[in-house]
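Here is a short tour of one protein, written for someone new to reading structures. Keep the 3D view open as you go.

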Amino acid sequence: MMEIFTVSTGRREAKDITPSIKEAVKKLAGGRSGVAFVFTFHTTTALVVNEAESGLMDDLIDAYFSIIPKLNYKHNRIDNNAEAHIMSSAVGNSVALPVEEGELKLGTWQSILLLEFDGPRTRKVGVKFIAE
Ligand code: ZN
């Protein structure tokens, strides 16, 4: 069983999706402990655990793009978003999170951020729960 929800994104941005994940985990775990596996179903988005401070969320996007070399990408002949694909694959499209007695167990400043590298779009995120 998997909970799937959608997220509306801007062109390039980090979105805090923690509330939706907490809701999905509550539903799936039903008070049990285990692991929540969170997955984004796209090739130009990524997931990270970090602080949902608006300045930092912009910084993450800017910094990631700045470390991608400006090459003559072959994929850009098709849809001009090779950098977004490379960012997505470098950062990763899933995170595994601890769940204790039905609740997501995060550090004080930790949130789950969906990184959009090629929006605006409607994105799908899935949450799977594995009981211990
Ligand atoms: Zn593409």
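What follows goes from the overall fold to the metal site and then to a few local details.

## The big picture

First things first: this is a predicted model. The protein has three helices and eight strands. If you walk along the sequence, they come in the order β-β-α-β-β-α-α-β-β-β-β. With a radius of gyration of 16 Å, close to the 14 Å from the globule rule for 132 residues, the protein is as compact as a globular protein of that length. Its C-alpha trace spans about 50 × 30 × 25 Å along the principal axes.

How much of the protein is buried? Buried residues account for 41% of the 132. As for the outside, the protein exposes about 7,400 Å², and 51% of that comes from carbon and sulfur atoms. The chain also brings distant parts of the sequence together: take the contacts between residues at least 6 apart, and 83% of them join residues at least 24 apart.

## The zinc site

Which residues hold the zinc ion? Its protein donors come from H75 (NE2), D79 (OD, listed twice), N81 (OD1) and H85 (NE2), at 2.0 to 2.6 Å from the ion. Along the sequence, these donor residues follow the spacing H-x3-D-x1-N-x3-H.

Two of the donor residues can be checked for exposure. D79 has a relative accessible area of 40%, so it counts as partly exposed. H85 is partly exposed too, with a value of 24%.

## Backbone oddities

Now look at N80, in the loop between α2 (54-66) and α3 (82-91). N80 isn't a glycine, yet its phi is positive, at about 55 degrees. Its relative accessibility is 60%, so N80 counts as exposed.

E101 does something similar in the loop between β5 (94-100) and β6 (103-104). E101 is not a glycine either, and its phi is about 45 degrees. With a relative accessible area of 64%, E101 is exposed.

Where is the cis peptide bond? Look between G119 and P120, where omega is about -5 degrees. P120 itself sits in the loop between β7 (111-116) and β8 (122-131).

## A nonpolar patch

Finally, check the surface for M2, I4 and F41, which make up a nonpolar patch. Together they have about 250 Å² of accessible area. M2 belongs to strand β1 (residues 2-8). Its relative accessibility is 32%, so M2 counts as partly exposed.

Note on methods
Residues are numbered from 1 along each chain as its sequence is written. This is a predicted model: local features need pLDDT of at least 70, side-chain atom pairs count only at pLDDT 80 or more; totals for chains, interfaces and linings use all residues. Side-chain values use heavy atoms; hydrogens and water are left out. Patches are made of residues with over 30% relative accessible area and no salt bridge: like charges are joined within 9 Å, nonpolar side chains (Val, Leu, Ile, Met, Phe, Trp, Tyr) within 5 Å. Accessible areas come from the Shrake-Rupley method with a 1.4 Å probe; for residues, only the protein chains shown count as cover. A salt bridge is a side-chain nitrogen of Lys or Arg within 4 Å of a carboxyl oxygen of Asp or Glu. Helices (H or I, at least four residues) and strands (E, at least two) are DSSP runs, numbered from the N terminus. Buried means under 20% relative accessible area, exposed over 50%, partly exposed in between (1.4 Å probe, protein chains only). Donors are N, O and S atoms within 2.8 Å of the metal (3.2 Å for Na, K and Ca); water is not among the atoms, so sites may look incomplete. The radius of gyration is taken over C-alpha atoms; the globule rule is 2.2 Å times the number of residues to the power 0.38. Contact means heavy atoms within 4.5 Å.
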